[in-house]
Amino acid sequence: MPEDDYDYDQLLKRAREDLPEEIAYHERFQIPDVESFQEGNTTIVTNFTEISDIIAREPDDILKYLLRELGTAGERDEGRILFKGRIGSRKIQEKFEDYVGKYVLCSECDKPDTRLVKEGRVTLLKCDACGAHRPIRGKKKKTRQPLTEGIEQGETYDLLIQDIGREGDGMARVGSFTIYVPGSTKGDRVKVRIDHIKGTLAFGTVVGKVSS
Ligand SMILES: [Zn+2]
């Protein structure tokens with residue numbers, strides 16, 4: 001066999017192509033582990049500069065978010081953070097990760113190459129990698145579980161197609177909304193991006209299967 005057939009990169013590439021998208025894209029953006037210790041009634045994060053450099057957002061904005069989420073007071077001190085109270089590093093880590101999910105990662109391509117752009121009263125997260133943008137709001141994970149109170153345009157949800165409409169489109173229900181999903185069929189579990197909402201009717205596009 002010619003040597004080329006053993007080319008590792010080629011094999012890897014072929015293997016990747018066979019993987020479902022979700023796995024192939026698993027080179028996720030990672031922040032460093034929080035390094036912290038407690039001294040009396042103070043918790044000190046020693047590698048804040050390292051983390052905020054990688055997150056690439058204003059250290060003061062990150063700190064403000066952490067303080068609000070942790071419900072404590074604190075300040076920056078030469079590349080460290082001093083939090084009032086004894087807070088475990090796991091908990092601090094979680095809050096950093098929430099911050100990244102909300103203010104840094106693109107919800108379409110999962111890349112951190114994004115900017116915050118103010119448009120009127122709304123702050124948008126714009127992605128330089130894929131061009132997507134989304135408003136900043138509440139806690140944002142990759143896909144949302146359907147909320148009982150409603151759905152939002154531009155968001156992606158895991159939906160169960162419960163019915164077929166008169167036109168043959170799949171239908172799902174979330175709270176009071178009925179969502180039409182062309183190209184899906186009863187029993188499908190699919191990731192659906194909501195394109196339009198009109199009253200309590202919504203129209204979506206299948207963007208992937210829900211892995212079980
Ligand atoms: Zn993107």
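Ile54 is found in helix α3, in what is a predicted model. With 16 C-beta neighbours inside 10 Å, Ile54 counts as partly exposed, because a residue is buried only from 20 such neighbours and exposed at 12 or fewer. Once its neighbours within four places in sequence are left aside, Ile54 is in contact with Ile31 and Pro32. The second of these partners, Pro32, is 22 residues away from Ile54 in sequence, while the C-alpha atoms of Ile54 and Pro32 are 8.4 Å apart in space.

The chain around this residue contains 5 helices and 13 strands. Of its 212 residues, 19% are buried, and among the contacts with a separation of 6 or more, 39% join residues that are 24 or more positions apart.

In soluble globular proteins, nonpolar side chains tend to be buried together. Here the largest nonpolar core has 18 residues, of which Val45, Ile55, Ile92, Phe96 and Val100 touch the most other members. The elements that each give two or more residues to this core are listed below, with their residue ranges.

| Element | Residues |
|---|---|
| α3 | 48–55 |
| α4 | 59–70 |
| β4 | 80–84 |
| α5 | 89–103 |

The largest share of this core comes from α5, which supplies 4 residues. Val100, one of the members that touch the most others, is in contact with Phe29, Ile31, Ile55 and Leu105 when residues up to four places away in sequence are not counted. Ile31 therefore appears both among the contacts of Val100 and among those of Ile54, where contact is taken as C-beta atoms within 7 Å. Apart from this core there is a second, separate one of 12 residues, which includes Ile179, Val190, Val192 and Ile194.

Two of the helices that contribute to the largest core, α4 and α5, also pack against each other, at an angle of about 120° and with their axes 10 Å apart. That angle makes α4 oblique to α5, because it falls outside the 65 to 115 degrees that count as roughly perpendicular and is not over 145, where roughly antiparallel begins. The crossing in which α4 passes α5 is right-handed.

On the α4 side, this contact is formed by Ile62, Tyr65, Leu66, Glu69 and Leu70, which meet Lys95, Asp98 and Tyr99 in α5. By residue class, the contact of α4 with α5 divides into 5 nonpolar and 3 charged residues, with no polar ones.

Note on methods. Residues are numbered from 1 along each chain as its sequence is written. This is a predicted model: local features need pLDDT of at least 70, side-chain atom pairs count only at pLDDT 80 or more; totals for chains, interfaces and linings use all residues. A nonpolar core is a set of buried Ala, Val, Leu, Ile, Met, Phe, Trp, Tyr and Cys residues joined through C-beta atoms within 7 Å. Two residues are in contact if their C-beta atoms, placed from the backbone, lie within 7 Å. Axes are lines fitted to C-alpha atoms, for helices over the stretch in contact, and angles run from 0 to 180 degrees between N-to-C directions. Angles under 35 degrees count as roughly parallel, over 145 as roughly antiparallel, 65 to 115 as roughly perpendicular and the rest as oblique. A crossing is left-handed if the near helix is turned anticlockwise from the far one by less than a right angle, and right-handed if clockwise. Ala, Val, Leu, Ile, Met, Phe, Trp, Tyr, Cys and Pro count as nonpolar, Asp, Glu, Lys and Arg as charged, and the others, Gly among them, as polar.
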